[in-house]
Amino acid sequence: PHPSYFSPGVEDFQENHKREKHYGKRRNGDRQQNKRENQRRKRSSKSVSEPETSEDGDDEEEVNNDGEVRPELLSPEELEKLKEAVDEKKKLIQSLRGKPWPMKQKLVTLRESQLFVEKYEGALGKGKGRKLYAYKVMMTKKWMKFQRDFENFKTACIPWEMKIKEIESHFGSSVASYFIFLRWMYSINMILFGLTFGLVMVPEALMGRPYGSIPRKTVPRAEEAGAMDFAVLWDFGGYAQYSVLFYGYYNNQRAIGWFKFRMPLSYFLVGVGTVAYSYMVVIRTMARNANESGIGDDNSFNFSWKMFTSWDYLIGNPETADNKFASITTSFKEAILEEQESRKDDNIHLTRFLRVLANFLVLCCLAGSGYLIYFVVRRSQKFALDGLENHSWWERNEVNMVMSLLGMFCPMLFDVISTLENYHPRVALQWQLGRIFALFLGNLYTFIIALMDAINLKRKEEKVVKYNITMWEASLYNGTGSENSTAPPITIHPADVPRGPCWETMVGQEFVRLIISDTMTTYITLLIGDFLRAVLVRFLNHCWCWDLEAGFPSYSEFDVSGNVLGLIFNQGMIWMGAFYAPCLPALNLLRLHVSMYLQCWAVMCCNVPQERVFKASGSNNFYMAMLLVILFLSTLPAIYTIVTIPPSFDCGPFSGKNRMFDVIQETLESDFPAWFSKVFSYASNPGLVLPFILLMV
């Protein structure tokens, strides 16, 4: 049907308007003719060409006047018809997208409707009694413009939104999903940093005892000479070790400052609260993504899904669009071949053998990486007993460098092994993600097991040191008392007081070193593997034997899976070690901030769009699911150490207690009524807590 069918009052109004204009011209014909004669008399002294031009201009003016709508000549019924026609055209413009018309007809109808609205909507505001309608129209337009401007302002206020949109237009939503995930992780770490910095580090720095007042806040005399050396500070020893950055610096005083701030209680609650907040945010984000995602199975109606949902409408770069077009074409060919090959059983035994062989090689790599990490951690413990200052830089940082190198080269080896399996690229990507996940998780838990051995050694050493300190104090007291009982007590500088090994600070230092080495390895790999490779390909291509851009080495592609998994496991180390090193959220916040700018620059300058552009519609919840698993597995070691291992006797806010969670019971007994303590003890009974947790799960 023609568009005029949907606006029946428009043609009647136009015919009536033409007849009214005709009668109006006849009534005013004599007046207009006299006006033209007077104008010709005034210009009679000019040349012939000028009057001709003037007559032409008068004719044009007459035509323009004929095309205008004069509201004073319209009756109230015609005005109402005109308003209805304008409203119908507006409704047609809004619903035009859903009309089952060809695109050419839609464009013509849209253009005609817009011209009609612009022409007659302004005329309705002329004349008395119609100013209110014109005011409403004007305010509606201004309100719509304000809404658009406000939405643009909100978009501009979102951090890095324009950078991510630019990357999305060049590389598609699959690459942009990584940067969106990185920005989300940045916001989470901002909250964690605010909690630890505002409720733990700042109160201790402002209201706690100053540096040098007690032994736990003083560098030992034997370490003062090299406490400010760069190598020592780079390993977070010296003055960095005896600062608010680590667990051992905090005092076990129950209330500090004039504000009577409960530091041990705040330290424990912040550690528990950060984990609880992380669980809440991750689960809530997963639920929101599940509600926003569409319902559908990619395995059923395969060709229909490919036909109607394959294109990524956020692509704005021609090269990426060509790659996406080729990817869709290839996916159709692969789907057809899969349907054909699914009925064949050729070489099925060879395929199974190669896949078993590939999995066996992957298991060997995982076992070898785990054993290597365990070996270097045990070796580093021997170096620590001998004194780290007697060893080289590599021997001091061997654990961190080995873990970073394994995380960098093992995924490449897995990619080479996956060529034996002959999987579909989508299935191969899932296997690759699973293997990298197992690699990182195995390395992390091997590192934790080795740290547990180190903690046990520190606890044995602590018993010996505690006995020696007791004997030293007794000998010091007996020596001063035997000579002169009225002599003033001997004052000993805190730097000279013997102290025990603080295993909590040791654990925090290991995690901080691991984060720093992993960050440096990532940035160096980015500069060498992407930037220098792109420079060589760009400037040596014209003088090389083959095409470097099309062949080897070519420009690198952005590895979405490897970067996402690296980001997730880096966050897992933050959750695991933040209780013993409150500075970890701040370091991770700085890392994420630098990574956003550096990786945005690298992906735009050094990388090329992927040959197979995957849509990111199902990636968000996949990332969140892996993050939730890592969050659960990362909190288990921290919970184990808090619940089962006694704290050190002379460092940290929980020194002198049997367990770290005893601070809760102490607060309930001192600051709350007795009945509240009993209610809390009954409510925290494992017989009630475990069924509640199972019910929630």
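This text goes from the whole predicted model to two of its residues, Asn251 and Glu77.

The protein has 697 residues, and buried residues account for 38% of them. Its secondary structure consists of 23 helices and two strands. When contacts are counted between residues at least 6 apart in sequence, 77% of them join residues at least 24 apart. The exposed area of the protein is about 41200 Å², of which carbon and sulfur atoms supply 62%.

Asn251 lies in a loop, the one between α9 (230–234) and α10 (263–292). Its relative accessible area is 8%. Because buried means under 20% relative accessible area, Asn251 counts as buried despite its place in a loop. Neighbours within four places in sequence are left aside in what follows. On one side of Asn251 in sequence, its contacts are Glu204, Arg209, Ile214, Arg216 and Lys217. Further contacts of Asn251 are Met263 and Pro264, and the list ends with Gly652 and Pro653. Of these, Met263 has the residue number at which α10 (263–292) begins.

Glu77 offers a contrasting case. It belongs to helix α4, which covers residues 76–95. The relative accessible area of Glu77 is 54%, and the cut-off for exposed is over 50%, so Glu77 is classed as exposed. On the surface, Glu77 is one of the residues that form a patch of negative charge, together with Glu80, Glu84 and Asp87. The numbers of these residues fall within the range of helix α4, residues 76–95.

Methods:
Residues are numbered from 1 along each chain as its sequence is written. This is a predicted model: local features need pLDDT of at least 70, side-chain atom pairs count only at pLDDT 80 or more; totals for chains, interfaces and linings use all residues. Side-chain values use heavy atoms; hydrogens and water are left out. Patches are made of residues with over 30% relative accessible area and no salt bridge: like charges are joined within 9 Å, nonpolar side chains (Val, Leu, Ile, Met, Phe, Trp, Tyr) within 5 Å. Accessible areas come from the Shrake-Rupley method with a 1.4 Å probe; for residues, only the protein chains shown count as cover. A salt bridge is a side-chain nitrogen of Lys or Arg within 4 Å of a carboxyl oxygen of Asp or Glu. Lys and Arg count as positive and Asp and Glu as negative; His and the chain ends are not counted. The place of a charge is taken as NZ of Lys, CZ of Arg, CG of Asp or CD of Glu. Helices (H or I, at least four residues) and strands (E, at least two) are DSSP runs, numbered from the N terminus. Buried means under 20% relative accessible area, exposed over 50%, partly exposed in between (1.4 Å probe, protein chains only). Contact means heavy atoms within 4.5 Å.
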